[in-house]
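Reader: Please walk me through this structure, with a little reasoning at each step. I'd like to know what your terms mean as we go.

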Amino acid sequence: MNDHVRDLALVREATDRLLTAAAKLDDAAVAAPSRLPGWTRGHVLAHLARNADALVNVFAGRPMYVSAEARDGDIARDAPRPLATQLADVRDSAARFQEAATADSDWSRTVELRNGVTDSASRIPFRRLVEVELHHVDLGIGYELEDLSEEFTGREIDFLVDRFAGNATLPLVLITATDGRQWSTGSRDGDPVSVIGSAPDLLGWLAGRRQGAGLECDGTLLPVLPAL
């Protein structure tokens, strides 16, 4: 069972950290490009706020989003807002998420997310933590994958290799961090492709944040990962 109480505390800490860092920006910086293709920093902040509300819907047994088009439209609508409005929205929506999670009593049940994906309710706080931490990095304001805790990085790598496990479009991939931790993912058959690197570099590659320049691979090229 996931420790949802501890994860909710980690979400609060990560949100406060992001808000403190983002408060040093100005309106022009919010309108500037983020590290995500096609998104400004305003898009990232708007997405974080709308994701918190979407997870409130999940706790309430409602669809996470009305539709993919509505999700994208809400982000596009909210992206151009000034910094003060963005920060207030992220803060207020985060409080709504915490309130909904605290009121929840059945953490063992299965809940439905986007695109038919299901998960245990107890893992929703960690999913929110991933959103806050990785999108803080995506803002491009001095918070890097290397700044993430070793525990978080390991847990997110665990999550991503599990997501890609059994995917026939990938070879069998043996992943080794320079600190000695190992994972395997992709196909369950065939000769393994070895990928070695630091945990932050491995996370960046698996999460689509880095191209893998810091990784060693015994194949000709790094395997191309499916879209998240």
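Author: Happy to! Buried means under 20% relative accessible area, exposed over 50%, and partly exposed anything in between (1.4 Å probe, protein chains only). The model is predicted, so local features need pLDDT of at least 70 and side-chain atom pairs 80 or more, while totals for chains, interfaces and linings use all residues. Residues are numbered from 1 along each chain as its sequence is written, and side-chain values use heavy atoms, without hydrogens or water.

Reader: Is α8 mostly covered or mostly open, and how many of its residues are buried?

Author: Helices (H or I, at least four residues) and strands (E, at least two) are DSSP runs numbered from the N terminus. The buried residues of α8 include Asp-201, along with Ala-199, Pro-200, Leu-202 and Leu-203. Gly-204, Trp-205 and Leu-206 belong to that buried set as well. Helix α8 is thus mostly covered, and its buried count is 8 of 8.

Reader: What do the buried residues of α8 pack against?

Author: A contact here is a pair of heavy atoms within 4.5 Å. Part of the packing of the buried residues in α8 is against helices, and part is against strands. The elements they meet are α6, α7, β3, β4 and β5.

Reader: Which residue just after α8 takes a positive phi?

Author: Helix α8 covers residues 199-206. Just after it, the backbone takes a positive phi of about 75°. The residue in question is Gly-208.

Reader: In what order do the strands of the open sheet lie?

Author: Two strands count as paired if DSSP finds at least two bridges between them. By that rule, 4 strands form an open sheet with mixed pairing. Going across the sheet, the order is β4-β3-β5-β6.

Reader: Which strands stand at the edges?

Author: An edge strand has a single partner, so one side of it is left without a neighbour in the sheet. That description fits the strand at residues 182-185 and the strand at 216-217. These two are β4 and β6.

Reader: How many residues lie between β3 and β4 in their hairpin?

Author: The two strands run antiparallel and are joined by 4 bridges, one of which pairs Val-173 with Thr-185 in β4. In the turn, Gly-180 has a positive phi of about 105°. The number of residues between β3 and β4 is 4.

Reader: Which residue in β5 is the bridge partner of Val-173?

Author: Strand β3 also pairs with β5, through 5 bridges, and these two run parallel. Val-173 therefore has partners on both sides, Thr-185 in β4 and a residue in β5. The partner in β5 is Val-193.

Reader: What stands opposite Val-195 in β6?

Author: Strand β5 (residues 193-197) runs antiparallel to β6, with 2 bridges joining them. One position in β6 faces Val-195. The residue there is Cys-217.

Reader: Which strands does helix α7 touch?

Author: Helix α7 spans residues 150-164 and packs on the sheet. Helix α8 packs on the sheet too, touching β3, β4 and β5. For α7, the strands touched are β3 and β4.

Reader: How many residues of β3 are buried?

Author: Strand β3 pairs antiparallel with β4 and parallel with β5. Helix α7 touches β3, and so does α8. Strand β3 is mostly covered, and the number of buried residues out of its 5 is 4.

Definitions and conventions:
Axes fitted to C-alpha atoms, helices over the stretch in contact; angles between N-to-C directions.
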